[in-house]
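Here is a short tour of a protein model, written to be read with the sequence and the coordinates open. Do follow along in your viewer as we go.

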Amino acid sequence: MASALFMEFLDSTALSTALPTLSVAFGTDPVHLKLALTSYILALAVLAPASGWIADRFGPRRVFMTAMVVFLAGSVLCGFSQSLAQLVLFRTLQGLGGALMTPVGRLIVVNSAPREKLVSAMSWFTMPALVGPLLGPPLAGLILGVADWPWIFFINVPVGLLGMWAVARFVPPLKQPDPGPFDTKGFAIAVVAITALMCTAETVGIGLVPWPVQVGITLVAIGALAAYVRHALRTPRPVLNLRLFQVDTFRASMVGGALVRIGLGATPFLLPLLFQVALGWGPLEAGLVTIGTGLGAFACKPVAPALIRRVGFRQTLVASNLLTAALTAVPAFFGLGTPIPFIVITLVCSGFMRSLQFTATNTVAYADLPKEAVSNASTVAVVTQQMALSVGISFGGLMLHVARGGGDVRLTPDRFLLPFLAIGFVSSLAGPLFRRLRPDAGEHIGGRAAARG
């Protein structure tokens, strides 16, 4: 299952590294290229609400394989793009495949693992996915050094084909409960709400659309969101079950995790621009330094289950959030005279703490949910997480736009002070939510209760 996550993260991190090159190829402002990142996330977030029902109706393995085919088709078409508009269109197709790969993959893992071993299962499940960010930046730098940017997308083909063979060979079919009739009305309202919310985040404050249009999109977003909340609370089987937020562990995971993911979404957008445009590094040099984040995340995975078992979910989340927020803000002070070893150490530590944070948040979400709610919970989790990542990219772009004074001022290191401090502050807002969890939250899935016994 992790083969798909590996492919997704390899693709996204390689694309982030190539943004300055693409801005030259397409003749557009580097800040506007965030459309290539957010279009994928928008497509993913729009289709993801239906992923749980689709997996239950047609079988998780079959849906997962189909999603991989769609993702690969989108990758190949991205490589043949001749303009930013075409790239955004084909990235959207990729997102439609990713919308089914991510939640269905998680659903298969959660349903297959014993509850008391869920932390270990989720940690090992996501570990191969961390190899993607580990290889993505240097691979992109190497490709841009010896070939051209389309090969960043073409490299997905052998990875995807190998992954499809592995899924067909090793993943057993799972029998899912009858999902009942599809919530068509709820899905339509959710699509309008998600699209309008993400369009609002994408266009606010940067002059892409006239202000009356901006206000109209915002009002549509608010109205559709209110309509969906009303619908979901009155429908027995809504496409996104908002009643799950009544469970404190799930609520803390979703809301707190979303705040941290705003920083996670903005960082891969901001760092390549800081390194390659403001500091004048080449793609390969920037990619090799950025590899530190992946190394830190990779190093955390074997440690996370034992650490959570020893100190518990609540303390792990509170401490890791404080350190994650601080480390997210540190690149604000990177400049021409900053030693490269210091930059690498900062990124390694940041990757380690983020990995610990997300291992804990992704797992504690399922601590108090009945098994029949896992499918819907996985769907809600993916929508929430992807919207947060999209908001993070847009928020980082907005802060950079503000720091430039709203014009086409050259990107210098000092222009990145505000964006990184802002995303670090937003990430820190999750801390109070984690502190409200009970001290023994998630003990029965983290293995701490068994260790005490």
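## Four residues, two helix pairs and a domain contact

Thr361 counts as buried because its relative accessibility is 1%; buried means under 20% relative accessible area, exposed over 50% and partly exposed in between, with a 1.4 Å probe and protein chains only. Please keep in mind that this is a predicted model, in which local features need pLDDT of at least 70, side-chain atom pairs count only at pLDDT 80 or more, and totals for chains, interfaces and linings use all residues. Residues are numbered from 1 along each chain as its sequence is written, and side-chain values use heavy atoms, with hydrogens and water left out.

Thr361 sits in helix H15, residues 340-364; helices (H or I, at least four residues) and strands (E, at least two) are DSSP runs, numbered from the N terminus. Which residues does Thr361 contact, leaving aside its neighbours within four places in sequence? They are Ser253, Leu317 and Phe434, where contact means heavy atoms within 4.5 Å.

Three further residues can be set side by side.

| Residue | Helix | Relative accessible area | Class |
|---|---|---|---|
| Thr38 | H2 (residues 34-47) | 6% | buried |
| Thr21 | H1 (residues 2-26) | 24% | partly exposed |
| His231 | H10 (residues 211-234) | 12% | buried |

Their contacts, again not counting residues up to four places away in sequence, are easy to list. Thr38 touches Glu202, Ser390, Ile393 and Ser394. From C-alpha to C-alpha, Thr38 is 9.3 Å from Met387, although 349 residues separate the two in sequence. Thr21 touches Leu144 and Pro283, and its C-alpha atom is 20 Å from that of Gly265, 244 residues away along the chain. His231 is in contact with Asp183, Lys185, Gly186 and Ile189.

Now for the helix pairs. Helix H4 (residues 60-79) and helix H8 (residues 156-170) pack at about 170°, and their axes are 10 Å apart. Axes here are lines fitted to C-alpha atoms, for helices over the stretch in contact, and angles run from 0 to 180 degrees between N-to-C directions. H4 is therefore roughly antiparallel to H8; angles under 35 degrees count as roughly parallel, over 145 as roughly antiparallel, 65 to 115 as roughly perpendicular and the rest as oblique. Among the H4 residues in this contact are Phe64, Met68 and Phe71, and H8 contributes residues including Leu161, Met164 and Val167. By class, the contact of H4 with H8 has twelve nonpolar, four polar and one charged residue. Ala, Val, Leu, Ile, Met, Phe, Trp, Tyr, Cys and Pro count as nonpolar, Asp, Glu, Lys and Arg as charged, and the others, Gly among them, as polar.

Helix H13 (residues 304-311) and helix H14 (residues 313-329) have axes 6 Å apart and an angle of about 115°, which means that H13 is roughly perpendicular to H14. Leu307, Ile308 and Val311 of H13 meet Phe313, Gln315 and Thr316 of H14. That contact divides into four nonpolar, two polar and no charged residues.

Finally, the domains. The domain assignment gives domain 1 (1-179), domain 2 (183-238) and domain 3 (247-452), with bounds that come from an automatic or database domain assignment. The centres of domain 2 and domain 3, taken over C-alpha atoms, are 26 Å apart. Nine residues from domain 2 and nine residues from domain 3 make the contact. Between them, domain 2 and domain 3 bury about 700 Å², 70% of it on carbon and sulfur atoms; buried area is the accessible area (1.4 Å probe) that two parts lose on being put together, summed over both.
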